[in-house]
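Please examine the sequence and the structure shown below. The paragraphs that follow lead through its aromatic rings, its strands and its interior.

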Amino acid sequence: MSYSEESLKPACNTDVIIIGGGPSGLSCALLLGRCRRSVVVFDEGHPRNRRSKFMNGFISRDGYSPQHFLEDARNELAKYNVQVYRKKIVRAEKIKEDFHVYSEEGTEYICRKLVLATGIVDNLPDIPGIESFYGTSAFHCPYCDGWENSDKHIGVIGNVKGGAMLALNLYNWSSAVCIFLHGKQTIPEKERKKLAERNIEIYPQKITELHGADGILSRVEFEDGSSVPCDSIFFSMGFRQHCEIARQLNCEFSPKGLVKTNHLQQTKVEGFYVVGDASRDMQLVIVAASEGTKAGVAIHTALMTGK
């Protein structure tokens, strides 16, 4: 099963609609399918880790292909009352007790409970050509990709506080860590001392070019003509929500831009749940999947009790 080829009638009323077909959304769908709930998953097909070749830190699937992981998950849903469609949902509203969602074509679908699992989008550093290295030698998560870069030359780009913390964190994987300020920022003296204790060098120059081939970085060049060897770049530039649906439903957000939920992933809007990276700081695939399962249990209980 890739995506369902069955036709879905407009305005069909189902138990649960899940917007987003990543680990959290599919995990939620699996649990609800096993509870014999009618579930429809709408997935745009652009997961956060789509450029990554490997998914790490997921017990029993460490080093597995993210694309194959999602295909496996969709295949597991085939025997349950779950349909997964390749479709973009752009708007949602709550009318009385039901949720009405609308595709980019304007088609309306109705459900009793709504789950948002669209995740976030990472802000890339404004460095020419970094997109060609993203996912192969430019990363945002040391827990996902630090091991594979052990003892290599690692460069870090981030905001004032986040960049220093990320560099100190990565030092556990390699003693050859440096920070690129890219001509924009300074680092407070307190953080500079911590970096100096580990011989983490700071390069203030603006980066003009990344050298490498086939997505594999080898060297970073600065505007003054100098350069340093660099096998990978880790960045911490913040992120943004993948879609505006949580804002359309007037949810509350944290200062970092994450949707506020309770311990069962429910927002302040009754019946609306947000799972995965869109609502939590611990942005790991295995955590996202667990949040989807947790929300699935809560949703089934709410449907069963009429809440």
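**Aromatic pairs and the strands around them**

Ring pairs link Phe42, Tyr85 and Tyr109 into a cluster. Rings of Phe, Tyr and Trp (its six-membered ring) are taken to pair if their centres lie within 6.5 Å, with planes under 30 degrees apart counted as stacked, over 60 as edge-to-face and the rest as tilted. The model is a predicted one, in which local features need pLDDT of at least 70 and side-chain atom pairs count only at pLDDT 80 or more, while totals for chains, interfaces and linings use all residues. Residues are numbered from 1 along each chain as its sequence is written, and side-chain values use heavy atoms, with hydrogens and water left out.

A pair of aromatic rings is described by the distance of the centres and the angle of the planes. By the pairing rule, the count comes to 10 aromatic pairs. One of them, formed by phenylalanine 42 and tyrosine 85, is tilted, with 6.2 Å from centre to centre and 40° between the planes. Phenylalanine 42 belongs to strand E2 (residues 39-43) and tyrosine 85 to strand E3 (residues 82-86), so this pair ties together parts that are 43 residues apart in sequence. Strands (E, at least two residues) and helices (H or I, at least four) are DSSP runs, numbered from the N terminus. Phenylalanine 42 and tyrosine 85 are both buried, a term that stands for under 20% relative accessible area, as against exposed for over 50% and partly exposed in between (1.4 Å probe, protein chains only).

Phenylalanine 139 and phenylalanine 234 also form a tilted pair, because their ring centres are 5.3 Å apart and their planes stand at 45°. Since phenylalanine 139 lies in strand E8 and phenylalanine 234 in strand E15 (residues 232-236), the pair ties together parts that are 95 residues apart in sequence. Both of these phenylalanines, 139 and 234, are buried.

How buried is phenylalanine 234? Its relative accessible area is 0%. With contact meaning heavy atoms within 4.5 Å, and residues up to four places away in sequence not counted, phenylalanine 234 touches a set of residues including Phe139, Cys141, Pro142, Ile154, Val156, Leu166 and Leu170. Phenylalanine 234 and glycine 163 are 71 residues apart in sequence, yet their C-alpha atoms are 9.1 Å apart in space.

Strands E8 and E15 both take part in an open sheet of five strands, whose order is E8-E15-E9-E10-E11 and whose pairing is parallel. Two strands pair if DSSP finds at least two bridges between them. At the edges stand strand E8 (138-139) and strand E11 (201-203), each of which pairs on one side only. Strand E10 (residues 177-180) runs parallel to E11 and is joined to it by three bridges; within this pairing, isoleucine 179 has isoleucine 202 in E11 as its bridge partner.

Isoleucine 179 also appears beside a cavity: together with Gly158, Asn159, Gly163 and Leu181, it lies nearest the centre of the largest cavity, which is lined by 12 residues. Strand E9 (154-158) and helix H4 (160-170) are the elements that give two or more residues to this lining. A cavity is a set of points, on a 1 Å grid over the protein atoms alone, where a 1.4 Å probe fits but cannot get out, and its lining residues have an atom within 4 Å of a point. Grid points are joined across faces, edges and corners, and a volume is the space filled by probe spheres set on the points. The count comes to one cavity of 30 Å³ or more, and the volume of the largest is about 40 Å³.

Antiparallel pairing is found in the segment that runs from E12 to E14. Six bridges join strand E12 (residues 207-213) to strand E13 (residues 216-222), and these two run antiparallel. Isoleucine 207 stands opposite phenylalanine 222 in E13. The E12-E13 hairpin has two residues between its strands, and aspartate 214 in the turn has a positive phi of about 55°. E13 is in turn joined by three bridges to strand E14 (residues 227-229), again antiparallel, with proline 229 in E14 as the bridge partner of arginine 219. The hairpin of E13 and E14 has four residues between the strands, and glycine 225 in its turn shows a positive phi of about 95°.

Key: On a 1 Å grid over the protein atoms alone, a cavity is a set of points where a 1.4 Å probe fits but cannot get out, and a pocket is an open set with protein on both sides within 12 Å along at least five of seven lines; lining residues have an atom within 4 Å of a point.
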